[in-house]
Amino acid sequence: MGEIGEQKMKILCLHGFRTSGNFLRKQISKWDPSIFAHFEMDFPDGIFPAGGKSDIEGIFPPPYFEWFQYNEDFTEYQNLEQCISHLCEYITSKGPFDGLLGFSQGATLSALLLGYMEQGKILKEHPPMKLFVSISGAKFRDPSISNVAYKDIIKAKSVHFIGEKDWLKLPSQELTTTFEKPLIIRHPQGHTVPRLDEAAVETLKTWTRGIALSYSQSSLGEGPIEACERVNIENLEEGKKLKKPKNL
């Protein structure tokens, strides 16, 4: 398949609601390290201190953070514009970045950034993002946002983890329709960064290696290669109701 150069691609990793960058780092660390061996991962904390109780209290030490606030129906948002401005400044000063990874609120926010980039609303001087890893992501529901961000298909290569018992299962499935040829990996777990079985590990390794090799060859002036297009890993448990936790 070819060799990957020494220069690593940079991925910005955005954590879930009222957790932290270090917690997401720990969550991702349970995956096979070879999956992201060719990437440099950046795990910043959210812009705001947690405004309430965190679901990981007693599991992982504070401090905890959130990227923005929202109402129960996820149709109204507070401090979202400030959050987007903060992340654009971070991406510009710490980048360039080659992709985004997010869990829950972080994945939802990452998809929004990609959509706004696709429309030329933000980061106009930044190179296009090449990949997106979404774990329990969703779309924003406010039409003034969704009609802009998801107006056109987002071209970044994307992989979407969808849990059978995740309360965001259906919104996560809907998010995949916004992307061109998404890779979908289904798992039997809930609202979490899932542990991966052997089939999922191999699929994800093939996907990330294909992107890294394409990047390496493009840097050398060679033609890009296509990574995996769409793979569905079905490993679902039937007959169990979804349970909704408190936080996105």
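This passage describes helix 2, the nonpolar cores and the aromatic contacts of a predicted model. Local features were accepted at pLDDT of at least 70 and side-chain atom pairs at pLDDT 80 or more, whereas totals for chains, interfaces and linings use all residues. Residues are numbered from 1 along each chain, and side-chain values use heavy atoms, without hydrogens or water.

Helix 2 (residues 80–94) comprises 15 residues and spans 21 Å from its first C-alpha to its last, close to the 21 Å expected at 1.5 Å a residue; helices are DSSP runs (H or I, at least four residues) and strands likewise (E, at least two), numbered from the N terminus. The expected span is 1.5 Å times one less than the number of residues. Leu80, Cys83, Ile84, Leu87, Cys88, Tyr90 and Ile91 of helix 2 are buried (under 20% relative accessible area, with exposed over 50% and partly exposed in between; 1.4 Å probe, protein chains only). On the other side of helix 2, Glu81, Glu89, Thr92 and Ser93 are exposed.

The largest nonpolar core (buried Ala, Val, Leu, Ile, Met, Phe, Trp, Tyr and Cys residues joined through side-chain atoms within 4.5 Å) has 34 residues, and Phe68, Leu80 and Ile84 are among those with the most contacts inside it. Strand 1, helix 2, helix 3 and helix 4 each give two or more residues to this core. Apart from it lies another core of 28 residues, including Phe161 and Trp207.

Ring pairs (Phe, Tyr and the six-membered ring of Trp, centres within 6.5 Å; planes under 30 degrees apart stacked, over 60 edge-to-face, the rest tilted) link Phe17, Phe68, Tyr70, Phe74, Tyr77 and Phe140 into a cluster.
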